[in-house]
Amino acid sequence: MARPFHLGWFTHFGPDEWDAPFASAGGTPWDGAFHTDLARALERACFDLVLLEDSLAVSAEAGGTRELLLRTGVRAPRHDPAPLSALMAAATQHLGVVTTLSTLLYPPFLLARLVSTLDSLSGGRTGWNIVTSTDDAEARNAGLAALPDRDERYAAAQEHVDVVTALLDSWDEGAVVMDRASHTYADHTRVHAVDAPGPRYPVAGPLTTVRSPQGRPVYCQAGGSPTGRAFAARNADLVLAVASGPVAMKAARDDVRRLAAEAGRDPDELRVLFLVAPVLGETEEEARAALARSAAHPTALATTLAKFSAYTGVDLTALDLDAPLPPPEQLLAGSARGSLGTLAKFAQLDGEGRPSAKPLRELAADASTNSSLDLVGTPEHVADQLEAAAEEVGGDGFLVTTPFHRLSRHYVVQVTEGLVPVLQRRGLVRSRYTAATLRGHLTEF
């Protein structure tokens, strides 16, 4: 029997499945009610966390225009996930809430102050998903002419994380004494300057916020390139990954654990969660039919091409849909933009690093669910597959997302009230919370 594994949910502060029979918020979830309902449902199912992704630009990567991105509603519009994370935490008592914040846009002091405040507001249930941004449009919104190259982005991100960590540690445990006799609120000897010299982020410190319940919120990272995996191995408590099947999943987990050991860390400190997108039905035939209906949606292909063009920095709409994809390195040659890891996953590289011979049209169809496993069937059948994968991979858990980038309350109920109870009956996921913080959830097993 596989050991218990962790469950997270991957979503964003954007439109729900607004044009489908089971549409929920009607495409206007901007008051946060749809997402706070989601948080409550995830907490009832004892999920460890919900992760809010983000994008900081309306990309024109697909076809050189913003039309496709806006028409499909994928990656735009996006509202700020940080205030939403506070709402979701306030609506729950146990669920962890992880917020995506880019090292490109947020100076270290402001980011440290923000995540420290969120951790205090949530009682220690906050995480920071560390991203470097992969789009020139995001760089221009941050006041830069263009993105730095990949190595410089990660070097800057490492300095950024080091400064944020130093700021979060600038208040010692017990610095707030509230001594009535001496009328002393904080002991100044337990609050320290940082004096980070730069070169990119010279910061004096200390942080203006008190030490938060976790001290340092949980760090998450999803680097897929060799540089990104090394960065995640050095810094992350939680590594987010996408791979194609159990063999590739095991290789990815083993690699990041190896890199963590080389960086002087205990690999068992890391938790690696793989993205999955179950398609559920009362019978396997019903689930297959639901998948076919989603694949036949008029915007399915356009949505996937728009999303992965923005993710990868490659205009996939300019390529021949009926021809194989060129090697990722060739597509990204001479470009500082884009995510090599995401493009490699999209291209379905084999063990020798060669892209699949499938035409782009089929690759897009496969990528539409963005799932590490082909999970289509009844809750029992999907639970069988998750159990088998967890046992083979030796993995730490799964990050659930919605197929075809379209979230509805109907889908949330299918997962939280259909699939999760099967996993709970098998002892594969928790049935109750025993820890008070997100770090406590992740280190429980």
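**Exercise 1. Strand β2 and its partners**

Task: Find the bridge partner of V50 in β3, then place β2 among its neighbouring strands.

Solution.
Step 1. Start at V50. Its bridge partner in β3 is V97. This is a predicted model, and every value here is computed from it.
Step 2. Widen the view to the two strands. β2 pairs with strand β3, residues 96-102, in the parallel sense. Four bridges hold that pairing.
Step 3. Turn to strand β1, residues 6-12. Five bridges join β1 to β2, and these strands also run parallel. For one point of reference, H12 stands opposite E53 in β2.
Step 4. Sort the side chains of β2. L49, L51 and E53 point one way. V50 and L52 point the other way. All of them are buried.
Step 5. Conclude. Five of the five residues of β2 (residues 49-53) are buried, so the strand is largely enclosed by the rest of the structure.

**Exercise 2. From β4 through β7 to β8**

Task: Trace the pairings of β7 and say which of its residues lie on each side.

Solution.
Step 1. Locate strand β4 at residues 126-131. Four bridges join β4 to β7, and the two run parallel. In β7, I130 has Q221 as its bridge partner.
Step 2. Move on to β8. Strand β7, residues 218-221, pairs with β8 in the parallel sense over two bridges. Here Q221 stands opposite V239 in β8.
Step 3. Read the faces of β7. V218 and C220 lie on one side, Y219 and Q221 on the other. All four are buried, and both faces of the strand are covered.
Step 4. Do likewise for β8, residues 238-241. L238 and L240 point one way, V239 and A241 the other. These residues are all buried as well.

**Exercise 3. The nonpolar cores**

Task: Which residues have the most contacts inside the largest nonpolar core, and which element gives the largest share?

Solution.
Step 1. Take the core of 55 residues. Those with the most contacts inside it are F5, W9, F47, L386, F398 and L423.
Step 2. Name the main contributor. Helix α15 gives seven residues, the largest share of this core.
Step 3. Look at L423 itself. Set aside its neighbours within four places in sequence. L423 is then in contact with F5, L7, A383, L386, L428 and V429.
Step 4. Look beyond this core. Another one, of 24 residues, lies apart from it. Its members include L101, V164, L168 and W171.

**Exercise 4. V164**

Task: Is V164 buried or exposed, and which residues does V164 touch?

Solution.
Step 1. Place the residue. V164 is in helix α6, residues 150-168.
Step 2. Check its accessibility. The relative accessible area of V164 is 0%; the cut-off for buried is under 20%, so V164 is buried.
Step 3. List its touches, leaving out residues up to four places away in sequence. V164 touches P108, L111, A112, W128 and Y219.
Step 4. Add a distance. V164 and A292 are 128 residues apart along the chain, and their C-alpha atoms are separated by 46 Å.

**Exercise 5. T312 and V413**

Task: Decide whether T312 is buried or exposed, then classify V413 by its relative accessibility.

Solution.
Step 1. Find T312 in helix α10, residues 300-312. Its relative accessible area is 0%, so T312 is buried.
Step 2. Relate T312 to A344. They are 32 residues apart along the chain, with their C-alpha atoms separated by 9.3 Å.
Step 3. Find V413 in helix α15. At 41% relative accessibility, between the cut-offs of 20% and 50%, V413 counts as partly exposed.
Step 4. Relate V413 to V400. These two are 13 residues apart along the chain, and 13 Å separates their C-alpha atoms.

**Exercise 6. The second largest pocket**

Task: Describe the lining of the second largest pocket: which residues are closest to its centre, and which elements contribute?

Solution.
Step 1. Note the volume. The second largest pocket has about 590 Å³.
Step 2. Go to the centre. The pocket is lined by 22 residues, and E17, A290, R293, S294 and H410 are the closest to its centre.
Step 3. Name the elements that give two or more residues to the lining. They are β10 (279-280), α9 (284-295) and α15 (409-425). The largest share, five residues, comes from α9.
Step 4. Split the lining by class. There are 11 nonpolar, six polar and five charged residues.

Terms used: Residues numbered from 1 in each chain as written. Predicted model: local features only at pLDDT ≥ 70, side-chain atom pairs only at ≥ 80, totals over all residues. Heavy atoms only, no water. 1 Å grid on protein atoms, 1.4 Å probe; cavity = no way out; pocket = protein on both sides within 12 Å on 5 of 7 lines; lining within 4 Å. Points joined across faces, edges and corners; volume = space filled by probe spheres on them. Nonpolar A, V, L, I, M, F, W, Y, C, P; charged D, E, K, R; others polar. Core = buried A, V, L, I, M, F, W, Y, C linked by side-chain atoms within 4.5 Å. Buried < 20%, exposed > 50% of the residue type's maximum accessible area, 1.4 Å probe, protein only. Contact = heavy atoms within 4.5 Å. Pairing = 2+ DSSP bridges.
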